[in-house]
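Trainee: Could you take me through one part of this model at close range? I would like to look at the sheet and what surrounds it.

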Amino acid sequence: MNKFLVIAAAMMMAVSVAKAQNEYTVKLNEEQVKELRSKIISEHEKNRANTIDWARFSRYANSNKQITQRPLAVLMGNSITEGWAEKDGEWLKEHNIVGRGISGQVSSQMLVRFRQDVIELKPQKVVILCGINDIARNQGVISVENVMRNIISMVELAKANKIQPYLCSVTPAKRIGWRPEVKDTPEQIKKLNELIIAYAKEQKIPYIDYYSKLVAEDGESMIAAYSGDGLHPNLEGYKVMEEVLLKALGVKEKTK
């Protein structure tokens with residue numbers, strides 16, 4: 001058991017015993033209990049962060065070793081990219097495209113594993129799609145400007161290794177199901193997309209606009225037919241994205 005949980009249990013037991021002997025010996029008010037609980041959880045999370053694979057290097061470690069052909073492109077991203085490989089993995093294989101998405105990841109985690117999951121695979125191109133989990137504060141509060149800095153760092157790493165970068169728009173979402181407290185999701189998405197577009201134009205980097213093909217008439221939500229939860233594409237949504245991606249890459253659809 002975590003040592004902080006043991007300490008907490010001992011303290012609570014001591015309080016119970018003391019109260020049984022003399023109810024005036026120890027008295028914790030509600031705020032003190034909340035503060036104690038918060039500190040215990042905080043210390044537990046710090047311990048946990050030091051023992052887990054924060055950037056998830058392990059996720060694709062074995063898969064990377066099995067790649068023998070130089071990929072046309074690596075898709076670097078989060079759950080939207082990971083879901084693509086799950087829902088239409090055969091399509092990716094047919095076009096020699098490798099998916100390297102990890103659910104829940106923010107731009108800083110992607111940046112940390114960029115060398116292992118992109119550069120070392122020696123692809124011709126890398127397609128970078130990220131931002132929604134930063135907006136969701138999955139690893140804490142971060143401004144879209146700092147998200148953009150992480151994206152720029154990935155681009156610069158790609159260029160330094162002679163890999164052609166492609167930048168994608170963040171896909172539309174009215175709200176984030178697991179973060180209902182984030183009230184300005186559509187505004188943050190649009191702001192980050194504006195930064196991506198401006199940078200791509202300035203640096204002459206191909207920009208892949210999924211947003212305009214997936215957004216509903218309200219200008220904020222994802223078209224209902226393309227998603228089950230309003231944020232993650234379903235197979236129909238990925239088919240739309242595939243058409244946009246191939247056009248951007250200058251590749252023709254494979255005919256069966």
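Mentor: Happily, and please keep in mind that this is a predicted model. Let's start with β1 and β3, which pair in the parallel sense over 4 bridges. Within that pairing, V74 stands opposite V126 in β3. On its other flank, β3 is joined by 4 bridges to strand β4 (residues 164–168), and these two also run parallel. There you will find K125 opposite Q164 in β4. Going back to β1 (residues 73–77), this strand pairs with β2 in the parallel sense too, over 5 bridges, and A73 has I97 as its bridge partner in β2.

Put together, these strands belong to an open sheet of 5 with the order β2-β1-β3-β4-β5 and parallel pairing. β2 and β5 (207–208) are the edge strands, each pairing on one side only.

Now turn to the faces of β3 (residues 125–128). In a regular strand the side chains alternate between the two faces of the sheet. For β3 both faces are covered: K125 and V127 are buried on one side, V126 and I128 on the other. V127 and I128 also appear among the residues that touch the most other members of the largest nonpolar core, which has 60 residues; W84, F114, L167, Y210 and L245 complete that group. L245 is a good one to display: leaving aside neighbours within four places in sequence, its contacts are L75, W84, W91, I97, V127, I208 and Y210.

Next, the empty space. Rolling a probe the size of a water molecule over the atoms shows where empty space is left. Here the count comes to 1 cavity of 30 Å³ or more, and the largest cavity holds about 40 Å³. Its lining consists of L75, M76, T81, W84, V127, L129, C168 and Y210. At least two of the lining residues come from β1, and at least two from α4. By type, the cavity lining has 7 nonpolar residues, 1 polar and no charged.

The largest pocket, by contrast, is an open space, with a volume of about 340 Å³. It is lined by 14 residues, with K93, I97, V98, G99 and R100 nearest its centre. α4 (79–94) and β2 (97–101) are the elements that give two or more residues to this lining. The pocket lining divides into 6 nonpolar, 6 polar and 2 charged residues. If you select I97, you can trace several of these threads at once: I97 is the bridge partner of A73, a contact of L245 and one of the residues nearest the pocket centre.

Conventions
Residues are numbered from 1 along each chain as its sequence is written. This is a predicted model: local features need pLDDT of at least 70, side-chain atom pairs count only at pLDDT 80 or more; totals for chains, interfaces and linings use all residues. Side-chain values use heavy atoms; hydrogens and water are left out. On a 1 Å grid over the protein atoms alone, a cavity is a set of points where a 1.4 Å probe fits but cannot get out, and a pocket is an open set with protein on both sides within 12 Å along at least five of seven lines; lining residues have an atom within 4 Å of a point. Grid points are joined across faces, edges and corners, and a volume is the space filled by probe spheres set on the points. Ala, Val, Leu, Ile, Met, Phe, Trp, Tyr, Cys and Pro count as nonpolar, Asp, Glu, Lys and Arg as charged, and the others, Gly among them, as polar. A nonpolar core is a set of buried Ala, Val, Leu, Ile, Met, Phe, Trp, Tyr and Cys residues joined through side-chain atoms within 4.5 Å. Buried means under 20% relative accessible area, exposed over 50%, partly exposed in between (1.4 Å probe, protein chains only). Contact means heavy atoms within 4.5 Å. Two strands pair if DSSP finds at least two bridges between them.
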